[in-house]
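Me: I would like to go through this model with you. Could we settle one term before turning to individual residues?
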Amino acid sequence: MSPHRNGNLSVMLLQEFVLEGFEGGPQTQALLFALFLALYLVDVLGNLTMIMVITLDARLHSPMYFFLKNLSYLDLCYSSVIYPKALADLLSSSKVITLGGCATQFFFFSLLITTEGFLLAVMAYDRFVAICSPLCYPISMRPSVCTRLVLGSYCGGCLNSVLQTSFTFSLPFCSSNHIDHFLCDVPPLLKLACADTTINELVMFGICGLIIVGTTLVVLISYSYITGTILRMCSGGGRHKLFSTCGSHMTAVSLFYGTLFVMYAQPGAVQSMEQGKVVSVFYTLVIPMLNPLIYSLRNKDVKDALRRLGQKHRAM
């Protein structure tokens, strides 16, 4: 849509944006396409495999694997909100996204990524109860409680997403319609606003900082008790199994929260778009791809379940 005669681009920007993505010529874009496509396919295959294995194997129908299945679902969904469009843009000269498409992508991306943050904290609490209070575990983490914890994670993610989306897309955009990113996210969108964005930055840093710090404290407190309990165990084999299981979760937590803190919970995040693109690729594609590998390669129960499914498939 053409701008007004006074040269103001706000009307055009209310219709569409252009996602600039990564710099480089056709060869660079083709190389990035091949790399991102490979990572995305591994991401989809790995997470679908985890969901299928946990669903089909009755021995994995426990609270820990119920949460792990939901984690795989979230990883699959939030990378799929972004990368089909990002991959298409790498091969296209037109990288346009409508205002509604941009807001929709951002809403679901924010919803799913925040929900995962809460879910990782829930998974830490689950391990805390299982290891530190094993006799109370069947009652404390009964199916109805697990379902409510997952729904609570989604509610927290939805609340954050509604706040972030409403604050961001209520801004007037008139400096340019070119988003210096491959996805619709708060930092690059704030760069396009022609109004004071101080309140928006404070909201982003405040809410994201509160969520990251709050959920990180839950994880750290849970694992401090877990570590103490494991170290007091007499059985070396039991200690090794528990450290292996908890180590997988701590690896996933460290990768996830570390990249989110770099991107959203420090004031310098808004000023460094190139760094932001690399960090965004890491937590929207690399981490969702790594999570199934982390949990399957370091988890004997999952490896045994994969082996049993393979044997059943060959026997058919």
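Reply: Certainly. Buried means under 20% relative accessible area, exposed means over 50%, and partly exposed is what lies in between. Please keep in mind that this is a predicted model.

Me: Then how does Thr-55 rank, and why?
Reply: Thr-55 has a relative accessible area of 39%, so it counts as partly exposed. The residue lies in helix H2.

Me: Which residues does Thr-55 contact, apart from its neighbours within four places in sequence?
Reply: Those contacts are with His-61 and Lys-69. In sequence, Thr-55 and Lys-69 are 14 residues apart, and their C-alpha atoms are separated by 8.1 Å.

Me: What about Ala-34: which helix holds that residue?
Reply: Ala-34 is found in helix H2, which covers residues 26-56. Thr-55 also lies in H2.

Me: And why is Ala-34 classed as partly exposed?
Reply: Its relative accessible area is 42%, and the class runs between the 20% limit for buried and the 50% limit for exposed. Ala-34 is therefore partly exposed. As for its position, the C-alpha atoms of Ala-34 and Leu-90 are 9.8 Å apart, with the two positions 56 residues apart in sequence numbering.

Me: Now Ser-161, please. Is Ser-161 buried or exposed?
Reply: Ser-161 is buried, because its relative accessible area is 0% and the limit for that class is under 20%. Ser-161 belongs to helix H6, residues 143-169.

Me: Which residues does Ser-161 touch, setting aside those up to four places away in sequence?
Reply: Ser-161 touches Phe-107, Ser-110 and Leu-111.

Me: Let us step back to the whole chain. How many helices and strands are there?
Reply: There are 11 helices and 3 strands. Starting at the N terminus, the order of elements is α-β-α-α-β-α-α-α-β-α-α-α-α-α.

Me: What share of the residues is buried?
Reply: Of the 316 residues in the chain, 49% are buried. The accessible surface comes to about 14900 Å², and carbon and sulfur atoms account for 69% of that area.

Me: And how many of the contacts are between residues far apart in sequence, as a percentage?
Reply: Taking contacts between residues at least 6 apart in sequence, 78% join residues at least 24 apart.

Me: Where does UniProt place the transmembrane regions?
Reply: The unreviewed UniProt entry gives that feature at residues 30-54, 106-125, 202-226, 247-266 and 278-297.

Me: What is the secondary structure of residues 30-54 in the model?
Reply: Residues 30-54 are 100% helix and 0% strand, and the end C-alpha atoms of this span lie 36 Å apart. For residues 202-226, the chain is likewise 100% helix and 0% strand, with 35 Å between the end C-alpha atoms.

Me: A change of topic: how many cavities of 30 Å³ or more does the structure hold?
Reply: The structure holds 3 of them. The second largest has a volume of about 90 Å³.

Me: Which residues are closest to the centre of that second largest cavity?
Reply: They are Met-64, Met-123, Arg-127, His-249 and Tyr-295, out of 11 lining residues. Helices H3 (63-90), H4 (99-132) and H9 (236-264) are the elements that each give two or more residues to the lining. The largest share, 4 residues, comes from H3.

Me: What is the chemical character of that lining?
Reply: The lining of the second largest cavity divides into 6 nonpolar, 3 polar and 2 charged residues.

Note on methods: Residues are numbered from 1 along each chain as its sequence is written. This is a predicted model: local features need pLDDT of at least 70, side-chain atom pairs count only at pLDDT 80 or more; totals for chains, interfaces and linings use all residues. Side-chain values use heavy atoms; hydrogens and water are left out. On a 1 Å grid over the protein atoms alone, a cavity is a set of points where a 1.4 Å probe fits but cannot get out, and a pocket is an open set with protein on both sides within 12 Å along at least five of seven lines; lining residues have an atom within 4 Å of a point. Grid points are joined across faces, edges and corners, and a volume is the space filled by probe spheres set on the points. Ala, Val, Leu, Ile, Met, Phe, Trp, Tyr, Cys and Pro count as nonpolar, Asp, Glu, Lys and Arg as charged, and the others, Gly among them, as polar. UniProt positions are given in the numbering used here, feature names are shortened, and annotations may be inferred rather than shown by experiment. Buried means under 20% relative accessible area, exposed over 50%, partly exposed in between (1.4 Å probe, protein chains only). Contact means heavy atoms within 4.5 Å. Accessible areas come from the Shrake-Rupley method with a 1.4 Å probe; for residues, only the protein chains shown count as cover.
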